[in-house]
Each structure stands twice: as C-alpha cells, then as structure tokens.
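Colleague: I should like to go through this structure with you, one question at a time. Please reason each answer through before giving the value or name.

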Amino acid sequence: MLIVMHHQATQEQIDQVIAAVIAMGLQAEPIPGSLRTAIGVLGNQGYVDDSTIRTLAGVRETIHVSKPYKLVSRDFHPVSTVVDVSGVRFGDGEKPVIIAGPCSVESEEQILEAAEQVKAAGAQMLRGGAFKPRTGPYSFQGLGLKGLKYLQQAGQASGLPVVTEVMRIEQLDTICQHADMLQVGARNMQNFDLLKEVGKTGHPVLLKRGMSATIEEFLAAAEYIVAEGNTQVVLCERGIRTFEKTTRNTLDLSVVPLIREMSHLPIIVDPSHATGKRMLVPIMSKAALVAGAHGVMVEVHPNPAGALCDGAQSLSGNDFAEFMKDIDRLYEFLGYSD
Ligand code: PEP
Ligand code: MN
C-alpha cells in the first residue's frame, strides 16, 4: 500500500503515520517527492486494512498496490537507481554502457584476445561465461573455475570489470571473488532460491529476462533480489520466445521505455541472444539505445567461425570495432558528451 500525504502535511503528521504503520506490525518507507511525501507500506502478506490510516491528519489518500513488486517500482522509489560496477555506472544519465565479450571463456588466449579487442574498440565491461546453461547436456558446458580465473585475468589485463553467469548457489562465493558482476541467466530468472542468495551478497547483478516471462514476472524476480537488501540490479532484455523462428528469440524493445517508467532500476538489452544473428546485432543495439536502454551487451569472439558456442551471433573483433564507431556517431546524435 502507498499512503499519499497532502502537500502541506507536516513532518509531525508524517511521523504519526509512520508510527501507525509500525504499530500495525508493518514497515514504513517514506518517499519524499517534490510536491508531497508518500509512505510506502511493506511487509504485508495480503490486503491492508487502511481505515485508521485514512483518518489520520495529513493523509490525502491510500493506494492499494496489488503488484507482486514494490521495492523495484517507481511508485515506491521515484529516483532512478545507479548501479556501480567497479566504477562503471549504469543509469547515471551519462553514456550507456557497452558490455562485450565471448559467449564462453574457451581458453586463456581466447579471452585475453577478446578482452584486448573489445577494450581497444571502447567497451566498458567484459563478459564471458565460465559456467554455461546449455540447452543440451552434450554441448560445451564451460571451463568452470578455470574459465572464471582466465576471465578475471583478462579483466585485470584490460582494465575492464567482468560479468559472468552464476547458475547455482554453491558457485556464488567463488564467483563473487572473481567477478565484478553476477549474471542471472534467462533460464534462472525464476530460480527464487538463487535470487534470494544473490540478493544477500550485495554484489552487482545483471538479471536477464526469462524467455517466457512477462514484465510483471521480470520485475517480481528483481524484487526477490532487492528484498534481500541488494539494490544493485541491472535488468536485461534478451528476447522472448514467440512463434517466430527466423530469429532465435523475438526482441521485445517496448520493455525498455516501459521498464524505465515502471521501475527505477536500469535496463540494458542483449541483441545477440535476442536475435541469434550477427547481422542483426548492430542495428538492434542502436534501436535499443534509441529506445532508452542504459546499455547493451554483445557477444564478440576473436574467431566467431571457431567459437564453441553462439558463433553465429558473435561479432568478430573487427566487426566490433566498426560497430563501436557507429555507436559513437549515435551517441553524438543523441546528445551524449564525451
Ligand atoms: C548468456 O548471456 O551467456 C546467456 C546464456 O544468455 P541467456 O541467459 O539470456 O540465454
Ligand atoms: Mn551466448
């Protein structure tokens, strides 16, 4: 529930309302606005009886929020959250963040070369999977801990913070030690136990949208993480499954402006997994940035033809360098300064 105060409500009246909420066994979170203060009520399981609250001095109205998420919604937290990943900032109104790197870490040389290429072209973060959620058990499953160490090394060598996927709770400690950001993949978006543990780490998180998740389910998944006290969550649209087979998934770009309105968390787009086609990656990245994405994550491999996974959607180092020149032109057009 949201309690909206009159614009001339005094601090004393606000404090009285907060005390009344606490007396009901619930939590109260004041949300100061430019015109009036609202008070978010948290901790209720079902409908909150607001008959007492509504009669208190200074209360204008109460709004029952039936959504399964509150902490991540703009209603409760109007100010945009900035997520800081070792100095790389998502959602601060400056230039969007470009994350690039291979689908998987395949060898020390491969990830070092990829890191060097994406850094030279202007990426701000490096990606690379060490623990891979493959659809079939016979596909390359990633190098595991060895891959994680190579990724960290490549991040240090290039000066780029790294993001990598966590699939299981038991991997969390190790991944937090080696990576700057935890990725929760599409297949784990509703692994609620994992989300809760990720929330307890306080480590920045990249939460990908499940392939059949609605926006409400997507935000409810983020709520699991934030409810544990970790507000450092970046959302990632990576395409949803539809009847269309020409592309790997269907990129739902309308979520970008929608989520920006519904939530204070930053949102980025992964056009590689969304389309599955190298040819579509640059243009859909630009479309995402025009739609207001706070960044994009693209797969880049030093030798896409020899990639152990997702080669068809990976840009080569040269492709990526060209892509970044184009992105710079777009940033100029969109009015971002250097
Ligand atoms: C990935 O980014 O490596 C990945 C597996 O993506 P998704 O979870 O979106 O399929
Ligand atoms: Mn991939």
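Colleague: In what order do the 4 strands of the open sheet lie?
Modeller: In this predicted model, 4 strands make up an open sheet with antiparallel pairing. Neighbouring strands are turned against each other by 20° on average, direction ignored. The order of the strands is 2-3-1-4.

Colleague: Which strands stand at the edges of the sheet?
Modeller: An edge strand has a single partner strand, so one of its sides is left without a neighbour in the sheet. This applies to residues 27–32 and to residues 59–63. The edges are therefore strand 2 and strand 4.

Colleague: Which residue of strand 3 is the bridge partner of Glu29?
Modeller: Strand 2 and strand 3 run antiparallel and are joined by 6 bridges. Strand 3 covers residues 37–42. There, Glu29 has as its bridge partner Gly40.

Colleague: How many charged residues does the shell around ligand 1 have?
Modeller: The residues around ligand 1 include Arg127, Lys132, Glu165, Arg187 and His273. By class, 2 residues of the shell are nonpolar and 3 are polar. The charged residues number 6.

Colleague: What share of the area that ligand 1 exposes when taken alone does the protein bury?
Modeller: Oxygen atoms of ligand 1 lie 2.9 Å from a polar side-chain atom of Gln183 and 2.8 Å from a polar side-chain atom of Lys208. A polar backbone atom of Ala186 is also 2.8 Å from an oxygen atom of ligand 1. Taken alone, ligand 1 exposes 290 Å², and the share of this buried by the protein is 97%.

Notes
Residues numbered from 1 in each chain as written. Chains lettered and ligands numbered in written order. Predicted model: local features only at pLDDT ≥ 70, side-chain atom pairs only at ≥ 80, totals over all residues. Heavy atoms only, no water. Near = heavy atom within 4 Å. Polar contact = N/O pair within 3.5 Å; in protein donor to acceptor, adjacent residues only side chain to side chain. Areas by Shrake-Rupley, 256 points an atom, 1.4 Å probe, with all protein chains shown as cover. Nonpolar A, V, L, I, M, F, W, Y, C, P; charged D, E, K, R; others polar. Pairing = 2+ DSSP bridges. Helix = DSSP H or I, 4+ residues; strand = E, 2+ residues; numbered from the N terminus. Axes fitted to C-alpha atoms, helices over the stretch in contact; angles between N-to-C directions.
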